[in-house]
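Trainee: I am new to this structure. Please take me through one part of it closely.

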Amino acid sequence: MAAKTIVQGKLDVSLASDGLEAQIRFEPGDSSTEIELASVLRLLQTKNIREGILPKELEAFIGKLRGAKAAISQTAAKGAPPQEAVAEKPVWEELPVPPELEANGKKILEAAGPPAIYIDKVENIKHEKTVLKKSPIPFAPPRKEKVVEIEKKVTKVKADIEPEITGTGYAAEGALIAQVQPFTPGKPGKSVTGALIPVKNSGNPYVYAGKGVQKKNGKLTALTAGFLRRGKNWAEIIPFRAHEWKVVLSPGRNSCILQMKPGDVAATVPTGEIIRAAAAALPYQEARLLPAEDIYVLARNLVAENMPAEVPIDRPEDARMEIKVSEDRLEASLFLKKGRGSGKALSLKEVGKLIQSNSLGGLNLKKIQADILAFYKGGEETLENYILAKGRPPAPGSAAEIHWEITFMAVAALENLKKSMPPPAPKAARKTENPESPVNLASAQEAPPDPYTGIESLAEFPVSAAEMAAFVSEGEQILSLKPGKPGTPGTDVYGSPLPPPAGKTAPLICRENVKQEQNSVKALTPGILEARKNGESFEIRIRPHADGQAVVTIAPDSMEAFLTVIPALGTGCAVTPSDITAAVDKAGIAHKAQTPDILETLKKKAAAGGGFNNLSFAKGKPPQHGMSAQLSILAGVPQDKAGGGDNKKEDNKNPHTVTHTIIGVKKDQAVAEILASQTVPKDGFDVRGTILPARAASAETIHIGENLREEKKEHGVLLIAGVNGELQFDEHSISVAEAHVINGDVDTKTGNIKFSGAVSVAGFVRTGFFIMARGDIKVAQGVEAALLSSEGSITVEQGIKGMGKAVLRSKKDISAAFAERALIMSVGNITIKTACARCQVKCNGKLSLASDKAFLAGGKVKSRLGLETASLGNQSGIQTEISFGQDYLLADQAETVEKTIQKLNTSCANLNVLMREAEKNNDQQKRESCRAEKLKAMKQIEKLNHELLTLREKFEEHFPGEIIVHGTLYPGVVIESHGRYYEVKQPKTKVKFIFDQESGKIVEKQIVEKQI
């Protein structure tokens, strides 16, 4: 019930002259008046005011009266004014008179009288007449009845238009003249006393269609072509048809067609220049068109015939078509050219006949038809080199392949062999192998025998040109020929076969003392096979004459010597042991470097006529250097080989991932020993006997780095770790680092990281990898879809792009530049500088977004001590859930316990089944075993239920957290604490939320100053 107000003064009500507003006025005075809303309403009723009363404004007015010193007025009621009718309004189209019709239009429009538009007036006229109706009684006469008939009478009446002409133009038949905006009827108003206020009459509201014009569906359109004249609310056409014409391209787009529909006799015939310009705009090559004079004559003749027609207006040219077949009959192409003007047009039917008449094979008729039709309809004049059919060329057979059945000598041996060969005798003195040739006994006795007798190819193939050489015996197979593949026949464009070309001959040129039999080549004499590449072929021969040789070669480091013996062939001198001794002495091989047994064996083998290549017979002895102090690692077997541990870079099940070893050590653990050197230096020598002096032990010491302490021992120094960390060492230094440092990314090069101390990463932690550390984790750049787990703190300098798969969990604090689509869990605080987008966050401390422009949008946040950010949510209303004021890690523990209880209950149910089966089978032992296991499970369930109850009770404990938003809080955000929810329905700024334990509600408060 509204409160009463006692004031000193009186109230009065006044009514506006138009009845649309009532004012209440208070005048202060001496008399006391008791005022309430009901009394004010009764006052209005006495003034006959019933409509548009404003109760809220009246209540506010009453509240201002107490203590008023001057007169106060207030609008008490408002009526509804009438809405005026909106007349039809034409929106005229631009329809200018074409230049060639301006003279005709001027005459016709001037001759037209004033506009007169008539409309149909419909009247319903009643006629009464008497009719006879059959009586319902049989044989009774019909009875008379009067009936009323209504006749519709339509008369033409002159429309009420404003005759002033406001515009003229020319409209083609069917052209849109105007869009007519519809008529909207008015609506009466109502005064505050309830009286109707009529609508004012604004004159004729309609737009009228005169002769030649149709009004339909809100449009004025031309029923016939002619000159248009219009006024404010009318339009009419004075019929006059211009010559309608246009220029189009033929279906083949190679000819230009003039389409003409003659109009009135008085209309102007278009000139040839105008028609040529329209053709060039299509576009079409103007040079192909007839002269303007000829085009004008064609147009004038069409007008004279007074019949719609179309004629070409370009110069005549006949169509052409031809099929060309290449000389090798492997390609058939089509040439087409379209006809123009009055020339013979290209006929698709004739093209089809031409293709069929050539009897080409393998035609893709569907594609050919589509391509030719596209050309016919397209803008190109010619179709050149269109491939109709392609044959398949015949493939030549491959040449035979050479497979060597022998082993060629080393390059060094070949070069020595070439140097040792005597020069060939003059060709005139050279012996031949022809037994019928006469022999000069005197010259034979005087001249030495020619070692190249019978080798006629020396001029073309000198010994120095040999690129490969090998010892062969008589009848030995030198090589085999793998026959080449036969060629395959082809097919021409008519489908007829094309024979393959002749296959290539074997790439082999056989000279002296070799014989080719089918697919193999054999030696006709023992000797040296010489071969070289001659163009695409191999050129081979056998020389049956060569002296034996003993060749000694020394390794580049002079620590090993090798002996090669080339046996004598033909008349060549055999290699003797003294030849070998001389070769060894000449090479300067020291006796102490030789192996006597091996060298003696080689000499015997050479004396027997055998040959060999690069056999070792002498070796030097390297010096034995003195050694410096040695470092012995005592930290144990690397843990990736020992089968476990927590200091390891794990494989990622990726074949490219490299697994490295991290040796973790604990404080006070013995990690290494430095042992004094026990080695005595001893000189060595090479195969020439040169002394190789040994180095004395180095005075260099092993540097003992940080976090190690020394204990003196009998044979050295024991090193003990001063902290927990990673053991790092090389030949010259050793230290213990408190943190494992990765100078690049955690990726396939490093593998996964599992370390008992701190981990520092200079680059990124890439997708699919993890870091698990007992110390702090610091990442200098960013984290992708990876796992970071630390018993210390986690710091990510450049932020987290989690892709919905990143997990960061810490037993202390977590900080990052930004976080996107990641799961972040911390026992301590979480600090994010700029943005937290669509993340799952859980912490037992506080979540802080430190930047002035920081925002949190999307995802779920459970933070025991609350959240502080610049903005929360976003303008699109993304769903964002925030929980605070409770220990959410206890909730996780409770959930884990609850799942364990569910598993144990399931196990008990299964044990009940097993006990019933055992009882049914009279298996007492199994029944008692299941019963004991069930009792154990039930005790565990009882214990866990008590633990679960305790955890749930602790979870209900309240922690003084708050949600602080320094900027904007957007709709879509839901805040929860202790099962109470606060849903944001409209944007808010500078607010904070706490949980009021007394009321059990989430309370909103305004922030006075920015607190970041």
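Mentor: We look at a nonpolar core, then at a histidine in a loop.

This is a predicted model, where local features need pLDDT of at least 70, side-chain atom pairs count only at pLDDT 80 or more, and totals for chains, interfaces and linings use all residues. Residues are numbered from 1 along each chain as its sequence is written, and side-chain values use heavy atoms, with hydrogens and water left out.

Start with the core. A nonpolar core is a set of buried Ala, Val, Leu, Ile, Met, Phe, Trp, Tyr and Cys residues joined through side-chain atoms within 4.5 Å. Buried means under 20% relative accessible area, exposed over 50%, partly exposed in between (1.4 Å probe, protein chains only). The largest such core has 52 residues. Those touching the most other members are Leu 788, Ile 800, Leu 847, Leu 856, Leu 872 and Ile 963. Strand 55, residues 830-843, gives the most to this core: six residues. Helices (H or I, at least four residues) and strands (E, at least two) are DSSP runs, numbered from the N terminus.

Now take Leu 872. Contact means heavy atoms within 4.5 Å. Beyond its neighbours within four places in sequence, Leu 872 has contacts including Leu 856, Ile 882, Ile 963, Val 965 and Tyr 970.

Next, His 958. This residue sits in the loop between helix 14 (924-955) and strand 61 (962-969). His 958 is buried, because its relative accessible area is 18%. Setting aside residues up to four places away in sequence, His 958 touches Gly 885, His 978, Phe 995 and Gln 997. The side chains of His 958 and His 978 are joined by a polar contact of 3.0 Å. A polar contact is a pair of N or O atoms within 3.5 Å; within protein, one must be able to donate a hydrogen and the other to accept it, and residues adjacent in sequence count only if both atoms are side-chain atoms.
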